[in-house]
Amino acid sequence: MTDVVQAGLWGLVAGSALLLGAVLGYGVRIPQKVIATVMAFGAGVLLSAVSFELMDEAYGQGGLGPAAIGTLGGAGAYTLGNVWLARRGARHRKRSGGGRGPSQPAEGEQSGSGTALALGALLDGVPESAVIGVSLLQGGAVSLVTVAAVFISNVPEGLSSSAGMKRAGRGKAYVFGVWAAIAAASTVSAVLGYAVIGAFSPAVIAAVTAVAAGAILAMVADTMIPEAFEEAHLAIGLVTVCGFLVSFALSHV
């Protein structure tokens, strides 16, 4: 099996977790506190993966300069895209809509919000998947820790967002169509992460890895943590730490 095919398959595996979460979020009535708990766990997983996998790898390959520049660039690009989408109805795309806080708008409330939500999901998913392909450049083997971290965090993302889409009146065809498309985009992103980035120097690869790290970190802070703490209970911080430790343990096995 070629490395390109491997990259695509691992990207698909990680992206398929979004569909799994969507099935649970759309088809099962899950208490809001449970959704918040799962989202907090996923946030902790990604925070650890960014720290001990992506940033560590970027720093080891290119040093502090490319790592810092890439991280700021990724966070800045994500924020600009997020601001543009937020003005079109995707600000609360990961909100399940079952609590006291803001929720996703219905199409009748804000025209074009359905498209914005889909683009927002794409914006959230692409950096994670691209990193999976880039990880194959290190010794010809994918980083299973990165795949596991993305998979674990994708389940609550799909769960919460699809529950919010359902409450906003969007049907099955839209909800599952969005997440199937994002799973497919995850496959393509992983392939491009390997095939395109691999042609560059280690410093550039380090910067690109850091770009993904910055985008993921900005996404966690902007979309996952607010949903996790919307229905915060006393153990939510502990749950986040548990997710962090699970990912940390995987990276040191």
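Here are four short exercises with worked solutions on the predicted model above.

**Exercise 1. Find out how many cavities of 30 Å³ or more the model holds, and describe the lining of the largest cavity.**

Solution. Start with the count, which comes to 3 cavities of 30 Å³ or more. Next, take the largest cavity, whose volume is about 50 Å³. Its lining is made of L46, A49, V50, L54, E128, V131, T146, A149, V150 and I216. Now place these residues on the fold: helix 2 (32–62), helix 4 (113–135) and helix 5 (144–167) are the elements that each give two or more residues to this lining. Helix 2 gives the most, with 4 residues. Finally, sort the lining of the largest cavity by class, and you get 8 nonpolar, 1 polar and 1 charged.

**Exercise 2. Work out which residues lie closest to the centre of the second largest cavity, and which elements line it.**

Solution. Begin with the volume: the second largest cavity holds about 40 Å³ of space. Of the 10 residues that line this cavity, L18, A121, D124, E157 and W179 are the closest to its centre. Then look at the elements that give two or more residues to the lining, and you will find helix 4, helix 5 and helix 6 (172–195). Helix 4 provides the largest share, 4 residues. As a last step, split the lining of the second largest cavity by class: 4 nonpolar, 2 polar and 4 charged.

**Exercise 3. Decide whether helix 1 and helix 6 are roughly parallel or roughly antiparallel, and describe their contact.**

Solution. Two packed helices are described by the angle between their axes and by the distance between those axes. For helix 1 (residues 3–27) and helix 6, the angle is about 160 degrees and the axes are 7 Å apart. Angles over 145 degrees count as roughly antiparallel, and helix 1 and helix 6 are therefore roughly antiparallel to each other. Turn next to handedness: the crossing of helix 1 and helix 6 is right-handed. To finish, class the residues in the contact of helix 1 with helix 6, which gives 17 nonpolar, 6 polar and 2 charged.

**Exercise 4. Classify the aromatic pair F52 and F248, and say where in the chain its two members sit.**

Solution. A search of the whole structure finds 3 aromatic pairs. In the pair F52 and F248, the ring centres are 4.8 Å apart and the planes stand at 70 degrees, so the pair is edge-to-face. Now locate the partners: F52 is in helix 2, and F248 is in helix 8 (residues 236–251). With these positions 196 residues apart, the pair links distant parts of the chain.

How values were computed:
Residues are numbered from 1 along each chain as its sequence is written. This is a predicted model: local features need pLDDT of at least 70, side-chain atom pairs count only at pLDDT 80 or more; totals for chains, interfaces and linings use all residues. Side-chain values use heavy atoms; hydrogens and water are left out. On a 1 Å grid over the protein atoms alone, a cavity is a set of points where a 1.4 Å probe fits but cannot get out, and a pocket is an open set with protein on both sides within 12 Å along at least five of seven lines; lining residues have an atom within 4 Å of a point. Grid points are joined across faces, edges and corners, and a volume is the space filled by probe spheres set on the points. Ala, Val, Leu, Ile, Met, Phe, Trp, Tyr, Cys and Pro count as nonpolar, Asp, Glu, Lys and Arg as charged, and the others, Gly among them, as polar. Axes are lines fitted to C-alpha atoms, for helices over the stretch in contact, and angles run from 0 to 180 degrees between N-to-C directions. Angles under 35 degrees count as roughly parallel, over 145 as roughly antiparallel, 65 to 115 as roughly perpendicular and the rest as oblique. A crossing is left-handed if the near helix is turned anticlockwise from the far one by less than a right angle, and right-handed if clockwise. Rings of Phe, Tyr and Trp (its six-membered ring) pair if their centres lie within 6.5 Å; planes under 30 degrees apart count as stacked, over 60 as edge-to-face and the rest as tilted.
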